[in-house]
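This report walks through one protein model, from its helices to its hairpin. Keep the structure in view while reading.

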Amino acid sequence: HLEGYYFPGTYLFPIQEEGLAVGKVMLAKFNEQVVKPNKQLSKEIINTDTIVKIASIIQREAAGKNDMRLISGIIWNRMFAGMKLDIDATLQYAKGNEKIGWWPKIGPEDKLIDSPYNTYKYEGLPPTPIANPGKDAINAALNPAKTACYFYLHDRRRQIHCAKNYEDHLTNIRRYYGTRRPR
């Protein structure tokens, strides 16, 4: 399973290029751009798979690169506290398919989906990355913002708001979405 390790970017290939050759180039670019410059990516300090999983979640959850370090800090806070991650993007990954699309809207009933990617149901990171993260998301996973927050949401203008506890998170939901919950 190589999702997460194909480095996103612009590549030029001959039209007849084989898929395996394209994949090799994208994997080599990942190694060049991520693994080599980040010496802390080792089994002794931090596992590359862990960082790529976190970065893939950040890539899907952030409204832009300015949100990424805060979201990373919140994910790390939840993991260190032994909390479930409760991440919508992992549910979208579990639910998505060709018929309804790969990143469908989710509803409360989707939190019951029995999938190892359902971070509302199962603790810890999903078994594999859920996207191919870019350099900004990988850097955010490696360099999370120090925050006391454990919850976040984006308002309708895509501005991020975080909360230290669930009660404050509910207040943010009411403040920015009225009685409706965000998507």
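Which helix do the buried residues of helix 4 pack against? They pack against helix 2, residues 48-61. The model is predicted, and every value here is computed from it.

**Helix 4 and the core**

Helix 4 spans residues 88-95. Its buried residues include D88, A89, T90, L91 and Q92. Ahead of it, D86 lies in the loop between helix 3 and helix 4. Phi of D86 is near 50°, a positive value in a residue that is not glycine. D86 is partly exposed, at a relative accessible area of 31%.

Nonpolar side chains tend to be buried together in soluble globular proteins. Here the largest nonpolar core has 30 residues. Within it, F30, I51, I58, I75, I87 and I138 touch the most other members. Helix 1 (19-35), helix 2, helix 3 (65-81) and helix 5 each supply at least two residues of this core.

**Helix 5**

Which residues of helix 5 are buried? They are A137, I138, A140, A141 and L142. Their cover includes helix 1, helix 2 and helix 3.

A141 gives a close view of this packing. It lies in helix 5. Its relative accessible area is 2%, so A141 is buried, the cut-off being under 20%. Leaving out residues up to four places away in sequence, A141 touches I51, I54, A55, I58, S72 and W76. Two of these contacts, I51 and I58, also appear among the core residues that touch the most other members. F7 offers a distance check: its C-alpha atom and that of A141 are separated by 15 Å. Along the chain the two residues are 134 residues apart.

**Aromatic rings and a charge**

A pair of aromatic rings is described by the distance of the centres and the angle of the planes. The count for this model is six aromatic pairs. In one of them, the rings of Y93 and Y117 have centres 4.8 Å apart and planes at 50°, so the pair is tilted. Y93 lies in helix 4, and Y117 in the loop between helix 4 and helix 5. The pair therefore ties together parts that are 24 residues apart in sequence. Y117 counts as buried, at 14% relative accessibility.

Ring pairs link Y93, W103 and Y117 into a cluster. What sits over the ring of W103? The charged end of R60 does, 3.6 Å from the ring centre.

S115 also has its place in the loop between helix 4 and helix 5. At 10% relative accessibility, S115 counts as buried. Beyond its neighbours within four places in sequence, S115 is in contact with A94 and Y122.

**The hairpin and the disulfide**

Strand 1 and strand 2 pair in the antiparallel sense, over four bridges. They form a hairpin with five residues between them. R158 sits in the turn and has a positive phi of about 70°, although R158 is not a glycine. R158 is exposed, with a relative accessible area of 52%.

Side chains alternate along strand 2. H161 and A163 point to one face and are buried. I160 and C162 point to the other face and are not buried. C162 is also the bridge partner of Y152 in strand 2.

How many disulfides does a search of the whole structure find? It finds one. C149 and C162 form it, with sulfur atoms 2.2 Å apart. C149 lies in the loop between helix 5 (135-142) and strand 1 (151-154), and C162 in strand 2 (residues 160-163), so the pair ties together parts that are 13 residues apart in sequence. C149 counts as buried at 7% relative accessibility, whereas C162 is partly exposed at 30%.

**Accessibility at a glance**

The table collects residues discussed above.

| Residue | Relative accessible area | Class |
|---|---|---|
| A141 | 2% | buried |
| C149 | 7% | buried |
| S115 | 10% | buried |
| Y117 | 14% | buried |
| C162 | 30% | partly exposed |
| D86 | 31% | partly exposed |
| R158 | 52% | exposed |

Note on methods:
Residues numbered from 1 in each chain as written. Predicted model: local features only at pLDDT ≥ 70, side-chain atom pairs only at ≥ 80, totals over all residues. Heavy atoms only, no water. Disulfide = S-S within 2.5 Å. Buried < 20%, exposed > 50% of the residue type's maximum accessible area, 1.4 Å probe, protein only. Contact = heavy atoms within 4.5 Å. Phe/Tyr/Trp six-rings, centres within 6.5 Å; stacked < 30°, edge-to-face > 60°. Lys NZ or Arg CZ within 6 Å of the ring centre and 35° of its normal. Core = buried A, V, L, I, M, F, W, Y, C linked by side-chain atoms within 4.5 Å. Pairing = 2+ DSSP bridges.
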